[in-house]
Amino acid sequence: MDKKCVGCGVELQNIDSNIDGYTTKIDASLCERCFRIKNYGEYQLVTNNNMEYIKLLEAVGKTNDLVIYVTDLLNLEKDLDEIRSMFTNKMILILNKKDVFPRSVKEEKLIKYLEKQGVHFEEIIVISAIKNYNIDYLLKRVKLHQT
């Protein structure tokens, strides 16, 4: 069975209701979880263990796809370089929430700080998704790296 849920992308299955992708009708386009979110507004917590996450990252690492890693400027991971080392793919680091920083904090300063910490990405781009800041620039850079 190769059919995937159009909501979350997990492979659909009708064998075990305790496993992701469960649906009562195997020809459905949504898993039960996504169906309940869409039609009833009911959210069901999904608990994935680290091994599932690592398998997903390893699968991405086997492609030639551009990887875009989006993180919150207020909550930077300590292991950014470790995450980067998991991939041979080109990677762009996106730092979101520029809007919450004072204007006196310049993008270049943030980027140079990360580079001094040993964080190595093809590019580091600072954005504000809520204020639509640098989104057009980000799109141009993504298109450039895809060619």
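Among contacts in the chain between residues at least 6 apart in sequence, 51% join residues at least 24 apart. This value, like those that follow, was computed from a predicted model. The chain contains five helices and three strands, and, read from the N terminus, these elements follow one another in the order α-α-β-α-β-α-β-α. The radius of gyration of the chain is 19 Å, which is well over the 15 Å that the globule rule gives for 147 residues, and the chain is therefore more spread out than a compact globule. Taken along the principal axes, the box filled by the C-alpha atoms is roughly 55 × 35 × 30 Å. Of the 147 residues, 30% count as buried, while the chain exposes about 10700 Å², of which carbon and sulfur atoms supply 51%.

The three strands are considered next, beginning with strand β2. This strand spans residues 91-96, and six of its six residues are buried, so that β2 is largely enclosed by the rest of the structure. The side chains on its two faces can be told apart by direction, since M91, L93 and L95 point one way from β2, whereas I92, I94 and N96 point the other way, and all of these residues are buried. Strand β3 (residues 123-126) is likewise covered on both faces, with E123 and I125 on one side and I124 and V126 on the other, all of them buried.

Strand β2 has a pairing with each of the strands β1 and β3. With strand β1, which covers residues 67-72, β2 pairs in the parallel sense over six bridges, and in this pairing D72 has N96 of β2 as its bridge partner. With strand β3, β2 is joined by four bridges, and these two strands also run parallel. Two of the residue pairs in this second pairing can be named: the bridge partner of I94 in β3 is I125, and that of I92 is E123.

The connections between the paired strands pass through helices. Strand β1, helix α3 (residues 80-85) and strand β2 together make a right-handed β-α-β unit. From β2 the chain then crosses through helix α4, formed by residues 107-116, to β3, and this β-α-β crossover is right-handed as well.

Contacts between charged side chains were examined in turn, and the count of salt bridges comes to three. In one of them, the side chains of K97 and D72 meet at a distance of 2.9 Å from N to O. Because K97 lies in the loop between β2 and α4 while D72 belongs to strand β1, the pair ties together parts that are 25 residues apart in sequence. K97 has a relative accessible area of 34% and is partly exposed. D72 thus takes part both in this salt bridge and in the bridge pairing with N96 of β2.

Another salt bridge is formed by R84 and E122, whose closest N and O atoms are 3.1 Å apart. R84 lies in helix α3 and E122 in the loop between α4 and β3, so this pair ties together parts that are 38 residues apart in sequence. The two partners differ in their accessibility, as R84 is buried, with a relative accessible area of 12%, whereas E122, at 37% relative accessibility, counts as partly exposed.

A further salt bridge brings together the side chains of R141 and E123, again with a distance of 2.9 Å from N to O. This pair links distant parts of the chain, since R141 is in helix α5 (residues 135-146) and E123 in strand β3, 18 residues apart. R141 is partly exposed, with a relative accessible area of 22%, and E123 counts as buried at 12% relative accessibility. Besides its salt bridge with R141, E123 is the bridge partner of I92.

Away from the strands, T23 was examined in the segment that precedes helix α1 (32-40). With a relative accessible area of 4%, T23 is buried. When its neighbours within four places in sequence are left aside, T23 is in contact with L12, Q13, N14, A28, L30, C31 and E32.

Conventions. Residues numbered from 1 in each chain as written. Predicted model: local features only at pLDDT ≥ 70, side-chain atom pairs only at ≥ 80, totals over all residues. Heavy atoms only, no water. Buried < 20%, exposed > 50% of the residue type's maximum accessible area, 1.4 Å probe, protein only. Pairing = 2+ DSSP bridges. Right-handed = clockwise from strand over helix to strand, strands pointing away. Salt bridge = Lys/Arg side-chain N within 4 Å of Asp/Glu carboxyl O. Rg over C-alpha atoms; globule rule 2.2 N^0.38 Å. Contact = heavy atoms within 4.5 Å. Areas by Shrake-Rupley, 256 points an atom, 1.4 Å probe, with all protein chains shown as cover.
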